[in-house]
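Biologist: Please go through this model with me, one point at a time. I would like each answer to end on the value or name I ask for.

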Amino acid sequence: MQVQVVDYRADDAAQKFVESLRNTGFGVLTNHPIQQALVDKIYQDWYTFFTHEEKKDFAFDPEKQDGYFAPEISETAKGHTKKDIKEYYHVYPWGRIPEQLKTDILNYYTMASDLASELLDWVEQYSPPEVTKLYSESLSNMIMDTPNTLLRILHYPPLKGTEEPGAIRAAAHEDINLLTILPAANEPGLQVQAQDGEWLDVPADFGHLIVNIGDMLQEASQGYFPSTSHRVINPTGENATKSRISLPLFLHPRNEVVLSEKHTHASYLLERLKELGVK
Ligand SMILES: O=C(O)CCC(=O)C(=O)O
Ligand SMILES: [Fe+2]
């Protein structure tokens, strides 16, 4: 198992990329259209936001799920008992966003959503016919004009040494949504689990864009595309004193989109959020 690093501009990019998603649940792109300068600016500006008390004015709305999730209430991954060591902010274009951060983050949201739509077309193009026929509509159509796609800005604070034993930055989990895209974070730590159980570092050099399959695409493809377990491990040595910022965009279909015989988007999401303890 090897997560492939694929040049977005290569002639065989779509095929190579989808092959990697199929084999590992992950694919990594270089030379993609998202500007690194914008990503860096977002990392810096949101880091500043997380260091200020103002964040508490944006405490998340349990109904709508937009806003700031403090470390005390942040997720406990499915099947785990310890909370992740992280805080985060959920951006939706219709939701609350600190005024000074609005322009860049919405700009990023649009650019990343557009790229994601193209990547869903790649996935569809290289799905075998018996899998394509399972899709209730084209994959990129499922996210067209959706209000549900979520941009999460994550801050993993420096470790203090007082963390609960066994707690890590992000415990092993699978993503709930269709597809996730995230630029390489400013610090390492992201790992994916291979079929033999081994944990492998996801290639995350400066400028890489990481893409992974979520449970909803696994559900819609009846398992052809695997939603693989991943985690963010704790830094050691000097790196323990550093914050880590990351920026996953979770692509979610419109509420009424049919994923499978059992589930629409809305019914699936509700089930999973209850398991996470945030609903
Ligand atoms: O921070 C990262 O690199 C990954 C975060 C993640 O997997 C998640 O929030 O679902
Ligand atoms: Fe994840």
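**Strands, ligand shell and loops**

Modeller: To begin with one pair, Tyr89 has its bridge partner in strand 5, and that partner is Ile153. The model is predicted.

Biologist: How many bridges pair strand 4 and strand 5, and in which sense?

Modeller: Strand 4 covers residues 87-91. Its pairing with strand 5 is antiparallel, and the number of bridges is 5.

Biologist: Which residue of strand 12 stands opposite His155?

Modeller: Strand 12 covers residues 244-246 and runs antiparallel to strand 5, with 3 bridges joining the two. In strand 12, the residue opposite His155 is Ile245.

Biologist: Which residue of strand 13 stands opposite Leu151?

Modeller: Strand 13, residues 249-251, pairs with strand 5 in the antiparallel sense over 2 bridges. Opposite Leu151 in strand 13 stands Leu249.

Biologist: How many of the 7 residues of strand 5 are buried?

Modeller: A residue counts as buried if 20 or more other C-beta atoms lie within 10 Å of its own. By that criterion strand 5 is largely enclosed by the rest of the structure, because the number of its residues that are buried is 6 of the 7.

Biologist: Is Tyr88 buried or exposed?

Modeller: Tyr88 is in strand 4. Its C-alpha atom and that of Gly67 are separated by 8.3 Å, with the two residues 21 apart along the chain. Tyr88 has 23 C-beta neighbours inside 10 Å, so the class is buried.

Biologist: Which elements give two or more residues to the shell around ligand 1?

Modeller: The residues around ligand 1 include Arg152, Leu154, His230 and Val232. The elements that give two or more residues to this shell are strand 5 (150-156) and strand 11 (230-232).

Biologist: How many residues of each class does the shell around ligand 1 have?

Modeller: Among the residues around ligand 1 are also Ala170, Asp175, Ala185, Leu190, Ser246 and Pro248. By class, the counts are 6 nonpolar, 2 polar and 2 charged.

Biologist: What does the UniProt annotation say about residues 146-253?

Modeller: The end C-alpha atoms of this span lie 6 Å apart, and the span is 6% helix and 34% strand. In the unreviewed UniProt entry, the annotation covering residues 146-253 is "domain: Fe2OG dioxygenase".

Biologist: Which strands stand at the edges of the open sheet of 4 strands?

Modeller: The order in this sheet is 6-11-8-9, with antiparallel pairing. Each edge strand has a single partner strand, so one side of each is left without a neighbour in the sheet; the edge strands are strand 6 (170-173) and strand 9 (199-201).

Biologist: By what angle are neighbouring strands of this sheet turned against each other on average?

Modeller: The pairing in this sheet is antiparallel. With direction ignored, the average turn between neighbouring strands is 25°.

Biologist: Which residue of strand 9 stands opposite Gln191?

Modeller: Strand 8, residues 190-193, is joined to strand 9 by 3 bridges, and the two run antiparallel. The residue of strand 9 opposite Gln191 is Asp201.

Biologist: Which residue of strand 2 stands opposite Asp7?

Modeller: Strand 1 (residues 5-7) and strand 2 run parallel and are joined by 3 bridges. Strand 2 (residues 26-30) is largely enclosed by the rest of the structure, because 4 of its 5 residues are buried. Opposite Asp7 in strand 2 is Thr30.

Biologist: What is phi of Gln65?

Modeller: Most residues other than glycine have a negative phi. Gln65 is in the loop between helix 2 (36-50) and strand 3 (67-69), and is partly exposed, with 17 other C-beta atoms within 10 Å. Phi of Gln65 is positive, near 70°.

Biologist: Is Asp145 buried or exposed?

Modeller: Asp145 lies in the loop between helix 5 and strand 5, and has a positive phi of about 55° although it is not a glycine. A residue counts as exposed if 12 or fewer other C-beta atoms lie within 10 Å of its own. Asp145 has 6, so the class is exposed.

Biologist: What is the radius of gyration of the protein?

Modeller: The protein has 7 helices and 13 strands. The globule rule gives 19 Å for 279 residues, and the model's value is close to that, so the protein is as compact as a globular protein of that length; the radius of gyration is 18 Å.

Notes:
Residues numbered from 1 in each chain as written. Chains lettered and ligands numbered in written order. Predicted model: local features only at pLDDT ≥ 70, side-chain atom pairs only at ≥ 80, totals over all residues. Near = placed C-beta within 6 Å. Nonpolar A, V, L, I, M, F, W, Y, C, P; charged D, E, K, R; others polar. UniProt positions renumbered as here; feature names shortened; annotations may be inferred. Pairing = 2+ DSSP bridges. Axes fitted to C-alpha atoms, helices over the stretch in contact; angles between N-to-C directions. Rg over C-alpha atoms; globule rule 2.2 N^0.38 Å.
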